[in-house]
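Good morning, colleagues. Today I should like to discuss how helices pack in one model, and how confident the predictor is in it.

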Amino acid sequence: MAGEAVTLQLGHYAGCVGAHWWGLQVGPRAPPLCVVCRRGDVDNYAEPGTETEVRDGGQRPGDASADGDGSSSASVQDAAPAPGSSTQLWSDYLSVQLHPRSIYVLQQYNHDGDSGRLEAFGQGEKLLQDVGCIEELEDRLHFYVEECDYLQGFQVLCDLHDGFSGVGAKVTELLHDEYSRKGILTWGLTPVTHNVGDPQKNFYRVLNTALGIAHLSAHSSLFCPLSLSGSLGIKPQPPTAFPYLNYDASLNYHSSAVLAAALDTLTVPYRLCSSRGSMMHLAEMLNFSGRKVVAAWAAVPFPAVRGHSLPDALCAHQQDVPWKLLSSCGEQKVSRCFAQSVVLRGICKENPTSCPGQQPPSPLHACETAEQVLQYYLHTVFPGAFSASHVLEQPCVTLPPYPRIFSSLLSRQGFLPDNLSSYSAAAVESIPVLTSLQSSPALRTLLSDLCKDLQKLGTRRCASFFAAGVEEDDFHEAFQELRTLAQCYEMGFEAGNSEDESDSD
């Protein structure tokens, strides 16, 4: 392993994804550093087996515990929330104990309620311009860094849709300035959109997202938007559908679990002890030519038939890779990318031996190792693209509190039966997963559409958003940065169209 990574969770939905992600990881791991808003009168971070509640009163700002000795930890209830429950707090399904210094509570803002919420990018930026706030956060950050034997970088999970995008902008700027030689991988998280009926909230969401992408990508080694929303723009699109998942897109508990399974697999190239690369290796492979924004694809689960080999599984998908886009770029063809990091996990690496003198049924069956099979497949589907591949036998474990969102067709190990009419009554305990982190032309659609939405909104329609602390000059600068980023993802034949669009602005 190239080193340890410090994880920061900024915001409520980032906490939801992170809580599930920590439940999926096997073996010892350091808890994340979490930045959250207070939740009305109570922040419920309870020790297992107790009814301890952490209240806002009686503690210094930012502390998650009022205990004077600083030795108590915070965690969750062991039981998973009931299926279909409206679980509100990510701490309800967090499976690791949190050190008292693991949570920094922003006392100025509420997590829920009709008022006092962290809604705008400018509010988040202002918070971290306060000397006391930044010193407190730096102190906690140094505590984490000093615990690392060798720090390879930072994993930042940040809400994009609300004021935490501004918090993330300042946090990544701090990391970039203080740890310039370390990797910074930032994941911009957005729940499935529910507020399309409220124009102001919808406008705020788009503005927060656009400013967040511009700033977070500037200060990160790589930035990846992660969401099951079909679109991050003004016009809503249906959420991403998976053929063997029955998840409720309105529940953060469900949608964050899907993203966590993808995130746990996407990060394999630098996170596991057996990993040969590092965060910086991954970033340098994908961010060339100014392409610091990447797109995530995932098959959750990867559709594989029980008892079939890896060549058999991939031969069934020679025309279209069975993964779905998790970066809200709309419907896209998957046959084009500049570079990608692909991970396949949960499939047996052993290839069936062919009979002497018998022709292999396909070129994939002629490969000697699982890594060669996947590499050959990627070169066939993505000709001309640089593809780094990783094959991991260990599946993605989906024991409680992971939600029961899987098709009844899947076996306990997440495989499909030979006869698709059969059903399994057993709960799915693990699944095979296929992911790709891509420098992809699909990102041009996301970034260009955001630019068009910003032009439609302007600054006059959202005066209250800019009154919260965003200067018009900063807004226009971010707009130009997004436009420049979008141009980095053009294929040769698209360059002319882009110039025509720029001339018409």
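I shall begin with confidence and then turn to two helix pairs.

This is a predicted model, in which local features need pLDDT of at least 70 and side-chain atom pairs count only at pLDDT 80 or more, while totals for chains, interfaces and linings use all residues. Residues are numbered from 1 along each chain as its sequence is written, and side-chain values use heavy atoms, with hydrogens and water left out.

The average pLDDT (the predictor's confidence in each residue, from 0 to 100) is 83 for the chain, and 81% of the residues score at least 70. Among the elements (DSSP runs numbered from the N terminus: helices are H or I, at least four residues; strands are E, at least two), strand 8, residues 222-227, has the highest mean, 98, and strand 4, residues 54-55, the lowest, 27. Over residues 40-80 the pLDDT is below 50.

Now the first pair. The axes (lines fitted to C-alpha atoms, for helices over the stretch in contact, with angles from 0 to 180 degrees between N-to-C directions) of helix 1, residues 12-24, and helix 6, residues 252-266, come within 8 Å and cross at roughly 55°. Helix 1 is therefore oblique to helix 6 (under 35 degrees is roughly parallel, over 145 roughly antiparallel, 65 to 115 roughly perpendicular, and the rest oblique).

Finally, helix 3, residues 131-146, packs against helix 4, residues 164-178, at about 55°, with axes 12 Å apart. Helix 3 is thus oblique to helix 4.

Definitions and conventions. Contact means heavy atoms within 4.5 Å.
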